[in-house]
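Biologist: I'd like to learn how to read a fold, one feature at a time. Could you walk me through this one?

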Amino acid sequence: MMRVSIVQLESDIGSAYPFTFTTSANEIDLVHETYSIEGKIEVKGSIVNTGKVYRVEGVIYCKKSFQCDRCLEHFVHDQKHSFDESYKKEAEDQNENVNYFNGDALDITDLVRDVILLSQPLNNICSPDCRGLCMKCGANLNETECGCDRHIVDPRLAALQEALNKE
């Protein structure tokens, strides 16, 4: 668990308290079926008592291991995810824009896991210019040009293409 004590901040409004955590994907129950987090997850940030809320800001560093959805090669990318959340002690007037907590410490474990999960794109792509695999022969187009005719005729124009081929 990643717990940040707020005891020092309760009477010191406006001051920042830095924190650093190192954890693993297993420790924070971060399991995904299409990628994995390799090595340690490092969390650096600070917490500030604004007088109304406790503002938690920081950055998460990790390495994501995945198979590219286009070329099927294995890749590892360094990732950096920022977070900025507000917390308030449990009260009767709950607001949807603030997280609530009890006690003398904030547990940011769920925040870290959620930021990493929600920061992932829908597709795992090795690079923006990945060309993928040839639809005909399966060659990795990032490594070689296979020479296959990959031109696809729009199905709406297939009859016109057939007429042109007959001539």
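Biologist: Let's start with pairing. How many bridges join S3 to S4, and do they run parallel or antiparallel?

Modeller: One thing before that: this is a predicted model. As for the general idea, strands of a sheet pair through backbone hydrogen bonds, either parallel or antiparallel. Here S3 and S4 run antiparallel, and 12 bridges join them. To see one pair across the strands, find Ser36, which stands opposite Ser65 in S4. The hairpin of S3 and S4 has 4 residues between the strands, and Gly51 there takes a positive phi near 105°.

Biologist: And S4 with S5: over how many bridges do they pair, and in which sense?

Modeller: That pairing is antiparallel, over 14 bridges. You can follow it through particular partners: Lys63 stands opposite Asp78 in S5, and Tyr54 has Tyr87 in S5 as its bridge partner. In the hairpin of S4 and S5 there are 6 residues between the strands, and Leu72 takes a positive phi near 65°.

Biologist: Now the whole sheet. What is the order of its strands?

Modeller: The order is S2-S3-S4-S5-S6, in an open sheet of 5 strands with mixed pairing. S2 and strand S6 (99–101) stand at the edges with a single partner strand each, so one side of each has no neighbour in the sheet. On average, neighbouring strands are turned by 30° against each other, direction ignored.

Biologist: Let me step back to the chain. How many helices and strands does it have?

Modeller: The protein chain has 2 helices and 7 strands. From the N terminus on, the elements run β-β-β-β-β-β-β-α-α. Its radius of gyration is 25 Å, well over the 15 Å that the globule rule gives for 167 residues, so the chain is more spread out than a compact globule. The C-alpha atoms fill a box of roughly 85 × 35 × 25 Å, taken along the principal axes.

Biologist: What share of the residues counts as buried?

Modeller: Of the 167 residues, 35% count as buried. For contacts with a separation of 6 or more, residues 24 or more positions apart account for 56%.

Biologist: Next, the core. Which residues have the most contacts inside the largest nonpolar core?

Modeller: The general idea is that in soluble globular proteins, nonpolar side chains tend to be buried together. In this model the largest nonpolar core has 28 residues, and those with the most contacts inside it are Phe19, Ile41, Val43, Ile47, Val56 and Ile108. The elements that give two or more residues to this core are strands S2 (16–24), S3 (35–49), S4 (54–67) and S5 (74–89), along with helix H1 (109–118). Take Ile47 as a sample: beyond its neighbours within four places in sequence, its contacts include Val4, Leu9, Phe19, Val56 and Leu106.

Biologist: So how does H1 sit, and which of its residues are buried?

Modeller: A general point helps with helices: an α-helix has 3.6 residues a turn, so residues three or four places apart point the same way. H1 lies across S3, S4 and S5, running at about 135° to S5. Thr109, Leu111, Val112, Arg113, Val115 and Ile116 are buried in H1. The buried residues of H1 pack against S3, S4, S5 and strand S7 (105–107).

Biologist: What about a polar residue in a strand: is Gln79 buried or exposed?

Modeller: Gln79 lies in strand S5 and is buried, since its relative accessible area of 16% falls under the 20% cut-off. Its side chain makes polar contacts with the side chain of His81 (3.0 Å) and with that of Gln120 (3.0 Å). Leaving aside neighbours within four places in sequence, Gln79 is in contact with Ile60, Tyr61, Cys62, Lys64 and Gln120.

Biologist: One last stop, in a loop. Where does Asn140 lie, and which residues does Asn140 touch?

Modeller: Asn140 lies in the loop between H1 and helix H2 (158–166). At 9% relative accessibility, Asn140 counts as buried. Not counting residues up to four places away in sequence, Asn140 touches Cys71, Glu73, Gly132 and Leu133. A polar atom of the Asn140 side chain also lies 3.0 Å from the backbone nitrogen of Asn142.

How values were computed
Residues numbered from 1 in each chain as written. Predicted model: local features only at pLDDT ≥ 70, side-chain atom pairs only at ≥ 80, totals over all residues. Heavy atoms only, no water. Core = buried A, V, L, I, M, F, W, Y, C linked by side-chain atoms within 4.5 Å. Buried < 20%, exposed > 50% of the residue type's maximum accessible area, 1.4 Å probe, protein only. Contact = heavy atoms within 4.5 Å. Pairing = 2+ DSSP bridges. Axes fitted to C-alpha atoms, helices over the stretch in contact; angles between N-to-C directions. Polar contact = N/O pair within 3.5 Å; in protein donor to acceptor, adjacent residues only side chain to side chain. Rg over C-alpha atoms; globule rule 2.2 N^0.38 Å.
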